[in-house]
Amino acid sequence: MYNVMSDELTALYERLSKDDENSGESNSIKNQKDILEKYAKDNGFSNIRHFSDDGFSGVSFTRPAFMEMMELAEQGKIKTIIVKDHSRLGRNRLIVGQLLEEVFERLGIRYIAILDNIDSAKGLSEFLPIQDYFNEMHARNTSQKVRATFKNKGNSGKRLTTNPPYGYMKNPNNKEEWIIDEPAAEVVKRIYQLCIDGFGPTQIAKKLTADNMPTPSQHTENAGRKTCATSVASRWSPRATADILDRMEYIGHTVNFRSTTKSFKDKTTIDLPKEEWKIFENTHPAIIDSETWEVVQNLRKNKRRQNREGKISMFSGLLFCADCDKKLYYCTAKDFGETQHFFTCSTYRKNVDMCQTHFIREFALKEIVLENLLSVLKEVKCNEEKFARKMMDKSTADQRKALAKKRREVEQAEKRITELNVLFTKVYEDNALGKISDEQFKLLSENYTREQSELREKSAKLTAELETEQEQTEGIEKFITKVRNLTEPKELTAELVNEFIEKIVIHQSVKSADKKRTQEIIIYYNGVGIIEDDTGTSKSKSKENAA
């Protein structure tokens with residue numbers, strides 16, 4: 001028995017991971033405490049203190065109780081650390097080895113693992129690193145099993161998220177089912193509407209905070225539900241609003257495999273590309289309709305920033321220079337009147353030698369866009385079928401001929417690929433029989449491989465173009481539906497602009513002999529692109545007296 005000075009703090013450390021919970025009562029925190037307390041009492045260890053990490057993996061050492069214990073150890077307040085078994089300390093062999101051989105030795109800490117008969121006061125066994133290796137392997141194997149289970153679950157369409165996103169809650173009668181949390185859902189709808197009105201995540205967060213709107217964590221806590229947040233935030237963050245604007249769950253879809261972790265040791269979250277997501281549509285009630293969601297996603301692609309005066313225009317992020325293809329910068333000043341706000345090419349603003357001004361006043365642009373929009377709305381409402389045919393025919397006969405030509409090329413390519421396979425087999429046999437040299441075989445096989453690769457690229461390109469044509473058909477239908485449900489507007493609003501307009505291309509103005517300034521403006525509408533009038537004209541024009 002080893003006697004311990006009464007003023008020395010004896011740390012009794014317990015750890016239980018979520019995976020250990022499946023092994024039953026033997027590894028429970030309570031069971032570990034009972035074993036440790038009995039051992040301390042039987043062996044004369046006094047002044048004990050428990051440090052418990054419940055639900056923490058052994059591969060990570062950023063556990064709250066462990067870090068608190070090590071902080072006290074660095075201060076010289078802990079002289080003995082006792083665990084039930086060695087794996088409770090951790091399952092990362094490199095860090096555990098460093099703790100035993102360097103840290104505990106430097107701090108003069110005695111380490112005891114009861115069930116593994118480890119006591120640093122008696123010396124450490126040479127086989128301990130092997131035991132650490134097997135402890136780590138256990139964690140690795142468990143992680144692989146968990147990942148496989150998650151993969152199967154995610155691919156089957158079951159949700160991988162534990163807690164529903166803000167705006168939803170679990171059905172009390174069926175925990176697997178999400179239902180709408182009405183108060184939170186109203187806030188979600190408001191966030192989407194504010195975005196359509198031209199506000200960015202930061203501005204939206206400020207508005208919600210100013211209105212004393214409970215944050216997601218506050219709302220969850222107020223409703224008496226468990227929150228996954230480490231602390232309840234009192235202010236809305238731009239990140240929270242941006243996350244709400246990006247989530248497909250709000251249109252009723254389940255999205256799995258949005259992110260992963262680096263490894264079973266490093267739990268750093270890595271966002272996966274959208275191509276790797278698994279999306280299952282219409283799995284729960286939608287809060288946001290798909291058209292609104294798509295408008296918001298288009299707006300998020302063209303992020304709008306406030307200018308130096310803190311102002312933002314309904315056209316911010318939508319105007320592009322016809323020459324350099326860069327965005328136009330919104331210019332205002334405190335002493336500007338409403339008719340003096342203007343846009344100018346951002347490239348020209350930085351370097352006058354790189355482009356031209358492409359100057360246009362905001363009030364003039366509002367009039368032009370409203371006039372063009374009203375004309376389009378009138379055309380669609382007068383004859384939806386005629387409008388749809390016109391937009392479909394916009395691809396032009398030449399483009400259709402080009403597609404037909406590419407289809408023929410693909411057919412010829414596939415025939416050629418078959419021929420190349422035969423030729424490749426023949427040259428391989430000729431090389432094996434010594435009829436052609438290795439150098440000739442290498443040259444021919446490389447040429448065949450290169451030709452096959454080029455043909456496959458052509459086929460993929462054609463497939464993409466055909467898919468684009470299908471998307472165009474769907475875009476026309478959605479555009480007509482939006483127009484059908486719209487009452488004729490009296491003025492142009494940010495909501496109208498964001499709902500209908502994809503982008504606006506501004507040309508450099510031209511001064512005529514009578515000192516009039518003429519400027520071409522091309523408007524691209526969401527889902528349908530450029531809409532030409534009956535004369536085939538797709539350009540609006542701004543006419544002003546030249547300065």
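Here are some notes on the cavity, the cysteines, the aromatic contacts and a few backbone details of this model.

1. Bear in mind as you read that this is a predicted model. Everything below is computed from those coordinates, so to speak of a contact is to speak of one in the prediction.

2. Let's start with the inside. Searching the whole structure turns up one cavity of 30 Å³ or more. The largest cavity holds about 30 Å³ of space. If you want to find it on screen, pick out R159, L160, T161, W178, E249, T254, V255 and N256, which line it.

3. Which strand gives the most to the lining of the largest cavity? That would be β8, residues 254-256, with three residues. As for chemistry, the lining is a mix: three nonpolar residues, three polar and two charged.

4. V255 is worth a click while you are there. This residue sits in strand β8 and also appears in the cavity lining. V255 is buried, at a relative accessible area of 6%. Another lining residue, T161, is 94 residues from V255 in sequence, yet the two C-alpha atoms are 9.2 Å apart in space.

5. On to the cysteines. The disulfide count is zero. The pair I would look at is C345 and C324: C324 has the closest cysteine sulfur to that of C345, but at 3.6 Å the two are too far apart for a bond, given a cut-off of 2.5 Å. A disulfide, after all, is a covalent bond between two cysteine sulfurs.

6. Buried or exposed: what are C345 and C382? C345 is buried, with a relative accessible area of 0%. C382, by contrast, is exposed, at 60%.

7. Now the rings. The whole structure contains 14 aromatic pairs. One of them is Y166 with W236: the ring centres are 5.8 Å apart and the planes meet at 75°, so this pair is edge-to-face, the cut-off for that class being over 60 degrees. Y166 belongs to the loop between α5 (128-155) and β6 (168-171), and W236 to the loop between α8 (216-222) and α9 (238-246), so the contact ties together parts that lie 70 residues apart in sequence. Y166 counts as buried at 12% relative accessibility, and W236 counts as buried too, at 5%.

8. A second pair to check is F342 with F359, which is tilted, with 4.9 Å from centre to centre and 35° between the planes. This pair also links distant parts of the chain: F342 is in strand β14 (residues 342-345), while F359 is in the loop between α11 (346-350) and β15 (360-361), 17 residues away. How accessible are the two partners? F342 counts as buried at 17% relative accessibility, whereas F359 counts as partly exposed at 23%, because the line for buried is drawn at under 20%.

9. There is an aromatic cluster as well, made of Y168, W178, Y192 and Y250. W178 will be familiar from the list of residues lining the cavity, so to look at W178 is to look at both features.

10. Two charges over rings deserve a glance. R63 places its charged end over the ring of F61, 4.5 Å from the ring centre. K207 does likewise with F199, lying over the face of the ring at 4.7 Å from its centre.

11. D243 makes another contact to look up. This residue is part of helix α9 and counts as partly exposed at 41% relative accessibility. D243 and P201 are 42 residues apart along the sequence, with their C-alpha atoms 9.1 Å apart in space.

12. Last, the backbone. Most residues other than glycine have a negative phi. Which residues here have a positive phi without being glycine? N117 is one of them, at about 55°; N117 lies in the loop between β4 (110-113) and β5 (118-119) and counts as exposed, at 66% relative accessibility. F257 is another, with phi near 60°, and its place is in the loop between β8 and β9 (259-261).

Definitions and conventions. Residues are numbered from 1 along each chain as its sequence is written. This is a predicted model: local features need pLDDT of at least 70, side-chain atom pairs count only at pLDDT 80 or more; totals for chains, interfaces and linings use all residues. Side-chain values use heavy atoms; hydrogens and water are left out. On a 1 Å grid over the protein atoms alone, a cavity is a set of points where a 1.4 Å probe fits but cannot get out, and a pocket is an open set with protein on both sides within 12 Å along at least five of seven lines; lining residues have an atom within 4 Å of a point. Grid points are joined across faces, edges and corners, and a volume is the space filled by probe spheres set on the points. Helices (H or I, at least four residues) and strands (E, at least two) are DSSP runs, numbered from the N terminus. Ala, Val, Leu, Ile, Met, Phe, Trp, Tyr, Cys and Pro count as nonpolar, Asp, Glu, Lys and Arg as charged, and the others, Gly among them, as polar. Buried means under 20% relative accessible area, exposed over 50%, partly exposed in between (1.4 Å probe, protein chains only). Rings of Phe, Tyr and Trp (its six-membered ring) pair if their centres lie within 6.5 Å; planes under 30 degrees apart count as stacked, over 60 as edge-to-face and the rest as tilted. A charge sits over a ring if NZ of Lys or CZ of Arg is within 6 Å of the ring centre and within 35 degrees of the ring normal.
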